[in-house]
Amino acid sequence: MTGPAGERCLVVARGRAGVYHRLTVAAPAVAATARAGQFVEVRPAADQSLLLRRAFSVHAADAAAGTVEVVFDVVGPGTRALAGVGPGDTVDVLGPFGRPFAPPTPPAGNGGGPPAPQTGSRGGPPACLLVGGGYGTAPLFLLAGDLRARGCPVDVLIGASTAARLLEPEACARLGRSLTVTTDDGSTGRRGVVTDPMPELLARARTRQVYACGPMPMLAAVSRTAAAAGVPCQVAVEERMACGTGICFSCVVPVLDGPGEPGGPSSTGTTRMARSCIEGPVFDGAAVAWAELGLAPTGAGVGLAPAAPGLARSVPAARIPGPSGGSTPGREPDPAPDRAGVGERAP
């Protein structure tokens, strides 16, 4: 697989996905290599007032057509500008970035040995549950296709605050063999949050892998629920990003440190800050220190990842103010506050 590409791309289409916006661009180099869970950074080519591109999960990538599609909500000046482009306009696109979703893996704690085969109840490919919150559901469409191509039975669970905030439930119904919907207000589906039906779904489907994308509180709750059932869980975090290349440290998340791959199972009991743009955005849900989101690193054995010499530091633990000036767990002040899915809903 080649590295990220930069392209000035023609906008093929821009439309609506319910209350959200859908942007399709001709980006052959990106489309040829994009995988589920990765993201692209986009900026209107004609708008020089935007210093930084905005990061969006890849919703669809058609290598044959050479197109890439993202879904976003208007939450700031960057997304407002993108909502104003149309067919024939051009946008600057960089990507794909980040670590994609991995194929189904066994639960952590196998003694460090090679992954043991995990199969469904009949010894076939493992059953997978996809959990999406709001327009954080976007990358799960590409993932569902990949899993079906592997023969994995796929069940889908989506939630939002209201029916209007769900991302294309009719299309989600075609992603797998079942679809379960929850809304906070009960306007459609089951009233409640996505973790409410999870235990029943995991047991009934004999699920062997959970994949999730959405707001951080939801991902924390989904990870805990999956862990309680003994099912591994991969999460695509929606931290706000600026550079997208690991330089600025604006998108760090605390992960339990340990040997092996970044974000892997911990064996040391310490925590380090991982950059979600290059070490994520997909992490092992059991490896994210959810209780430490929004806390600056401090104490023995806790520090920033050493990959950028000169930037590592240790400061007293403190709740980091969010963009609104309040106390917002899991958020750092960021010049690019349009990362798709941020703050969509609480679990």
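Reader: Which residues does leucine 130 touch, not counting residues up to four places away in sequence?
Author: This is a predicted model: local features need pLDDT of at least 70, side-chain atom pairs count only at pLDDT 80 or more, and totals for chains, interfaces and linings use all residues. Numbering runs from 1 along each chain as its sequence is written, and side-chain values use heavy atoms, without hydrogens and water. Touching, or contact, means heavy atoms within 4.5 Å. With residues up to four places away in sequence set aside, leucine 130 touches Leu140, Leu143, Ala144, Leu147, Val154, Asp155, Val156, Leu157 and Tyr211.

Reader: Which element gives the most to the largest nonpolar core?
Author: A nonpolar core is a set of buried Ala, Val, Leu, Ile, Met, Phe, Trp, Tyr and Cys residues joined through side-chain atoms within 4.5 Å. Buried means under 20% relative accessible area, exposed over 50%, partly exposed in between (1.4 Å probe, protein chains only). The largest core has 50 residues, and Leu23, Val25 and Leu130 touch the most other members. Seven residues come from its top contributor, helix H3 (residues 138-149; helices are DSSP runs of H or I, at least four residues, and strands of E, at least two, numbered from the N terminus).

Reader: How many residues does the second, separate core have?
Author: This core includes Leu129, Met198, Leu201 and Met218. Its residue count is 26.

Reader: Which residue of S7 stands opposite both glycine 6 and glutamate 41?
Author: Strand S7 (residues 90-97) has six of its eight residues buried. S1 (residues 5-17) pairs with S7 in the antiparallel sense over six bridges; pairing takes at least two DSSP bridges. S3 (residues 39-44) also runs antiparallel to S7, joined by five bridges. Opposite glycine 6, and also opposite glutamate 41, stands leucine 94.

Reader: What span does helix H6 reach from its first C-alpha to its last?
Author: H6 covers residues 216-228, 13 in number. The expected span is 1.5 Å times one less than the number of residues. That gives 18 Å here, and the model is close to it, at 18 Å.

Reader: Which strands and helix do the buried residues of H6 pack against?
Author: The buried residues of H6 include Met216, Met218, Leu219 and Val222. After the helix comes glycine 230, with a positive phi near 75°. The packing partners are strand S8 (128-133), helix H5 (198-205), strand S12 (209-213), strand S13 (233-236) and strand S14 (252-256).

Reader: What is the relative accessible area of threonine 270?
Author: Threonine 270 sits in the loop between S14 and strand S15 (271-275). Its C-alpha is 8.5 Å from that of valine 255, 15 residues apart along the chain. Threonine 270 counts as partly exposed because its relative accessible area is 23%.
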